[in-house]
Every structure is written in C-alpha cells, then in structure tokens.
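Colleague: Please pick one part of this model and take me through it closely. I'd like a connected account, with the cut-offs given as you go.

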Amino acid sequence: MTNDNDFITQNEAAEQFPVSTVTLWRERKEGRLPFYRVRGRVLYRVSDLIALFEAGRRNGAEAIEDEKK
C-alpha cells in the first residue's frame, strides 16, 4: 500500500486506480493532473490522483442530481 505522498509510475497508477494509461495521459495533457518527470519517467503523486478522481466523482454526482430536477 502506498502513502498519499508517495510517487508512482504511470503503469502503477493505472493498476491502482480504475483508469487506463491513455486517461492518465489525457488528464496530464489537459492540465488536470500534476506530474513529475524524473530521468525521463513520468511520476504521479498518489494524493494528486486521489484528488482528481474525487473531484470527478463529485462532479458526476452533481450532474446526476441536476438531471433529476
């Protein structure tokens, strides 16, 4: 288990979170996911991934509530 402040690779992130590496790349490209490049490797902070997916979950729930109105 990783700590929220740990760094993980793109493949590790795709394994630990229910997303593909393409989704991670897209979120990074759009500026929604901070990343770090160390010796050519892209690394993500676990806390940044959690924050991104929590925000998406909240926005999705709000959209569902709006549709019900």
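Modeller: When I say buried, I mean under 20% relative accessible area; exposed is over 50%, and partly exposed is in between (1.4 Å probe, protein chains only). The model is predicted, so local features need pLDDT of at least 70 and side-chain atom pairs count only at pLDDT 80 or more, while totals for chains, interfaces and linings use all residues. Residues are numbered from 1 along each chain as its sequence is written, and side-chain values use heavy atoms, with hydrogens and water left out.

I'll go for the sheet, but here is the setting. The protein has three helices and three strands (DSSP runs numbered from the N terminus, H or I of at least four residues for helices, E of at least two for strands). Going along the sequence, you get the pattern β-α-α-β-β-α. Of its 69 residues, 25% count as buried.

Now the sheet itself. It is an open one, made of three strands in the order E1-E3-E2, with antiparallel pairing (at least two DSSP bridges between two strands). The edges belong to strand E1 (7-9) and strand E2 (36-38), each with a single partner strand, so one side of each has no neighbour in the sheet.

Take the E1 side to begin with. E1 pairs with E3 in the antiparallel sense, over three bridges. In that pairing, Ile8 has Tyr44 of E3 opposite it.

Over on the other side, E2 and strand E3 (residues 41-45) run antiparallel and are joined by three bridges. Two of the pairings to look up are Arg37 opposite Val42 in E3, and Val38, whose bridge partner in E3 is Arg41. E2 and E3 make up a hairpin, and two residues sit between them.

What is there to see in the turn of that hairpin? Look at Arg39: its phi is near 50°, which is a positive value in a residue other than glycine. Most residues other than glycine have a negative phi. Arg39 is placed in the loop between E2 and E3, and at 84% relative accessibility it counts as exposed.

Back to the edge strands, for the side chains. The structure holds two aromatic pairs (rings of Phe, Tyr and Trp, the last by its six-membered ring, with centres within 6.5 Å; planes under 30 degrees apart are stacked, over 60 edge-to-face, the rest tilted). In one of them, the ring centres of Phe7 and Tyr36 are 5.0 Å apart and the planes stand at 85°, so this pair is edge-to-face. Since Phe7 belongs to strand E1 and Tyr36 to strand E2, the pair ties together parts that are 29 residues apart in sequence. Both partners are partly exposed: Phe7 has a relative accessible area of 39%, and Tyr36 has one of 31%.

Those two aromatics turn up again on the surface. Together with Val38, Phe7 and Tyr36 form a nonpolar patch there, with about 250 Å² of accessible area between the three of them. Areas here come from the Shrake-Rupley method with a 1.4 Å probe, and for residues only the protein chains shown count as cover. A patch takes residues with over 30% relative accessible area and no salt bridge, joining like charges within 9 Å and nonpolar side chains (Val, Leu, Ile, Met, Phe, Trp, Tyr) within 5 Å.

A couple of helix residues help to place the sheet. Glu12 is found in helix H1 (residues 10-16), and it is partly exposed at 35% relative accessibility. Its C-alpha atom is separated by 9.4 Å from that of Leu43, although Glu12 and Leu43 are 31 residues apart along the chain. Then there is Ser47, found in helix H3 (residues 46-68) and partly exposed at 24% relative accessibility. Ser47 is 41 residues from Asp6 in sequence, and their C-alpha atoms are 7.9 Å apart in space.

One last item, since salt bridges came up. The structure holds one (a side-chain nitrogen of Lys or Arg within 4 Å of a carboxyl oxygen of Asp or Glu). In it, the side chains of Glu27 and Arg32 meet at 2.7 Å, N to O. Glu27 is buried, with a relative accessible area of 14%, whereas Arg32 counts as partly exposed at 44%.
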